[in-house]
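Please consider the structure below. The questions that follow concern its internal spaces and its surface.

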Amino acid sequence: MNKNKKAKTKPSHKAELFFTFVPIILAITLLWRSVPDGVYRLDLGQSELGEKAIALTFDDGPSGHTERLLDGLAQYEAKATFFVIGKQAEKRPAIVKRAYDEGHLIGNHTYDHPNFYVTPDNTAIESIEKGEKVIESIIGEKPVFLRAPYGNVWPHQFKKFDRIFIHWTFHTFDWNKDDSQVIYEDIMAKVSDGSIILLHDTRPATVDAVLKAIPELQAQGYEFVRVDELLTRNGDSLKMGVPYRKCEFEKGALIF
């Protein structure tokens with residue numbers, strides 16, 4: 001046995017405390033800096049909805065499949081929210097205008113779909129603002145609601161970007177599926193009152209699934225409404241700098 005070999009020493013109690021609590025303190029500080037200041041920035045009044053309401057939200061369009069979706073929504077008198085990409089809106093402005101004119105909500109999904117996790121803040125803000133300008137040039141209104149590409153947002157970006165973020169209650173991963181029946185079954189299995197559902201109007205299978213699900217859910221008493229209507233159903237005033245993900249009847253709009 002080598003007596004000259006130094007025995008391993010355990011870290012001191014103070015060191016253990018340091019490495020335990022410092023990361024916690026840093027995390028709390030970061031979250032605290034990202035929390036909105038509590039000032040209500042948007043008061044849309046209270047929408048009048050029943051006890052079962054759903055918000056269908058469609059990302060990444062408009063596409064060559066969006067008009068068929070709009071035809072179906074009109075047939076069933078259902079409303080939805082479209083988070084459009086600025087580049088795509090420039091290619092198909094008439095579709096964006098049609099959706100707006102038919103009573104759907106147009107939200108911003110940035111101009112070119114950058115991943116905020118790996119994009120400098122200033123570059124991300126430029127894409128957000130450029131997307132807003134494209135939408136405003138088409139519908140005559142600046143979009144109020146933003147959905148981050150991939151849903152990726154660092155905590156500090158919520159407050160720095162100062163938008164009303166719309167996350168989701170659930171999604172079906174429809175962007176990676178070609179079987180409309182699978183998407184349909186996923187919707188039917190997961191849906192509940194107050195759900196914000198993430199979908200993509202760029203996929204024909206998604207359009208098929210949604211148009212199959214709508215009349216069946218309407219038969220169960222569900223209303224299909226815009227995100228702004230859903231989030232204000234209980235009289236909530238909406239805050240900038242937080243992501244909303246659900247709003248049930250007689251409960252507050254949920255964030256994070």
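By class, Ala, Val, Leu, Ile, Met, Phe, Trp, Tyr, Cys and Pro count as nonpolar, Asp, Glu, Lys and Arg as charged, and the others, Gly among them, as polar. This is a predicted model, in which local features need pLDDT of at least 70 and side-chain atom pairs count only at pLDDT 80 or more, while totals for chains, interfaces and linings use all residues. Residues are numbered from 1 along each chain as its sequence is written, and side-chain values use heavy atoms, without hydrogens and water.

Q: How many nonpolar, polar and charged residues are in the lining of the largest pocket?
A: A pocket is an open set of points on a 1 Å grid over the protein atoms alone, with protein on both sides within 12 Å along at least five of seven lines, and lining residues have an atom within 4 Å of a point. The largest pocket holds about 240 Å³ of space. Of its 15 lining residues, the closest to the centre are Tyr 150, Trp 168, Trp 175, Leu 198 and His 200. The lining divides into seven nonpolar, five polar and three charged residues.

Q: Is Trp 154 buried or exposed, and what is its relative accessible area?
A: Trp 154 lies in the loop between strand E4 (145-146) and helix H6 (155-161); helices (H or I, at least four residues) and strands (E, at least two) are DSSP runs, numbered from the N terminus. Buried means under 20% relative accessible area and exposed over 50%, with partly exposed in between (1.4 Å probe, protein chains only). Trp 154 therefore counts as partly exposed, at a relative accessible area of 40%.

Note on methods: On a 1 Å grid over the protein atoms alone, a cavity is a set of points where a 1.4 Å probe fits but cannot get out, and a pocket is an open set with protein on both sides within 12 Å along at least five of seven lines; lining residues have an atom within 4 Å of a point. Grid points are joined across faces, edges and corners, and a volume is the space filled by probe spheres set on the points.
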